[in-house]
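Could you walk me through this structure in my viewer, one selection at a time? I would like to know what to pick next and what is there.

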Amino acid sequence: MAGLEEAFSQRTIRRPLTVSTFVSVGNAKQPFPRLINAVVHQSAKLPQPVFIQYGSARPQLGACQGASFLQMEEFEQRVQAATLLILHAGAGCILHAVRAGATPVVVVRRADLGEHIDDHQREFANEMGSLGKIIVCSNVHDLTRAASAAMRLQETASITSHSPR
């Protein structure tokens with residue numbers, strides 16, 4: 001994973017906007033119902049509103065808002081504005097989140113569940129987690145606990161980055 005630290009060092013300071021949760025499953029052809037259903041079922045405990053970019057799935061969103069896919073400009077705006085990011089473990093999503101100054105909750109797509117063609121996301125997520133860049137959520141039933149941890153880390157990072165040296 002050479003060069004990852006350098007790629008993630010280009011952080012920008014997040015501006016506090018509306019409290020919200022942005023969820024992205026990326027653009028893989030395989031649906032990711034495990035993540036989508038967990039977010040929908042736990043959405044009342046997440047910062048509102050909750051917006052899910054759900055890809056090829058056709059989920060029941062309940063009280064959540066959503067779209068199948070987003071143009072890059074809207075994706076970047078949502079990443080910047082969200083209080084909480086919950087993402088699949090795609091490198092592009094994670095890179096956008098970290099550069100925006102966020103600590104995203106990341107759920108790995110699993111090949112054994114038909115969520116991806118292989119398990120390459122697991123290695124990448126574990127590496128980013130070991131660097132303290134993301135919170136890896138291995139069990140979607142623990143999503144709200146992982147979300148609380150991510151928001152605490154972001155708050156600490158925000159206070160630290162605004163402290164006088």
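Start with the aromatic rings: this predicted model holds 2 aromatic pairs. Select F22 and F51 to see one of them. Their ring centres lie 6.2 Å apart with the planes at 35°, so this pair counts as tilted. F22 belongs to strand β1 (residues 21–24) and F51 to strand β2 (residues 50–53), so the contact ties together parts that are 29 residues apart in sequence. Both F22 and F51 are buried.

Keep F22 on screen and add F75. Here the ring centres are 5.7 Å apart and the planes meet at 65°, so the pair of F22 and F75 is edge-to-face. Because F22 lies in strand β1 and F75 in helix α3, this pair links parts that are 53 residues apart in sequence. How much relative accessible area do these two keep? F22 has 2%, so the residue is buried, and F75 has 8%, which means that F75 is buried too. Show the three side chains together and you have one aromatic cluster, made up of F22, F51 and F75.

Now stay with F51 and bring in R78. The charged end of R78 sits over the ring of F51, 3.5 Å from the ring centre. At 26% relative accessibility, R78 counts as partly exposed.

R78 has another partner to look at, so select E74 next. The two form a salt bridge whose closest N and O atoms are 2.9 Å apart. Where do they sit relative to each other? Both are in helix α3 (residues 72–81), and because they are 4 residues apart, about one helical turn separates them. An α-helix has 3.6 residues a turn, so residues three or four places apart point the same way. E74 is partly exposed, at 30% relative accessibility.

How many salt bridges are there in the whole model? The count is 3, so let us visit the others.

- Select D112 and R110: they form a salt bridge, with 2.7 Å between the closest N and O atoms. D112 is exposed, at a relative accessible area of 56%, while R110 is partly exposed, at 28%.
- Select R145 and D142: their side chains meet in a salt bridge, at 3.1 Å from N to O. R145 is exposed, with 58% relative accessibility, whereas D142 is partly exposed, with 30%.

Next, colour helix α2, residues 33–42. Is α2 largely enclosed or largely open? Of its 10 residues, 7 are buried, so the helix is largely enclosed by the rest of the structure. To see which ones, select R34, L35, I36, A38, V39, V40 and Q42: these are the buried residues of α2. Note that R34 and Q42 are on that list alongside L35, I36 and V39.

For the last stop, select the cysteines C64 and C93. C64 has 8% relative accessibility and counts as buried. C93, at 9%, counts as buried as well. How many disulfides does the model contain? The count comes to 0. A disulfide is a covalent bond between the sulfur atoms of two cysteines.

To finish, you could go back to F51 and show its surroundings once more: F51 shares an aromatic cluster with F22 and F75, and the charged end of R78 sits over its ring.

Key:
Residues numbered from 1 in each chain as written. Predicted model: local features only at pLDDT ≥ 70, side-chain atom pairs only at ≥ 80, totals over all residues. Heavy atoms only, no water. Buried < 20%, exposed > 50% of the residue type's maximum accessible area, 1.4 Å probe, protein only. Helix = DSSP H or I, 4+ residues; strand = E, 2+ residues; numbered from the N terminus. Disulfide = S-S within 2.5 Å. Salt bridge = Lys/Arg side-chain N within 4 Å of Asp/Glu carboxyl O. Phe/Tyr/Trp six-rings, centres within 6.5 Å; stacked < 30°, edge-to-face > 60°. Lys NZ or Arg CZ within 6 Å of the ring centre and 35° of its normal.
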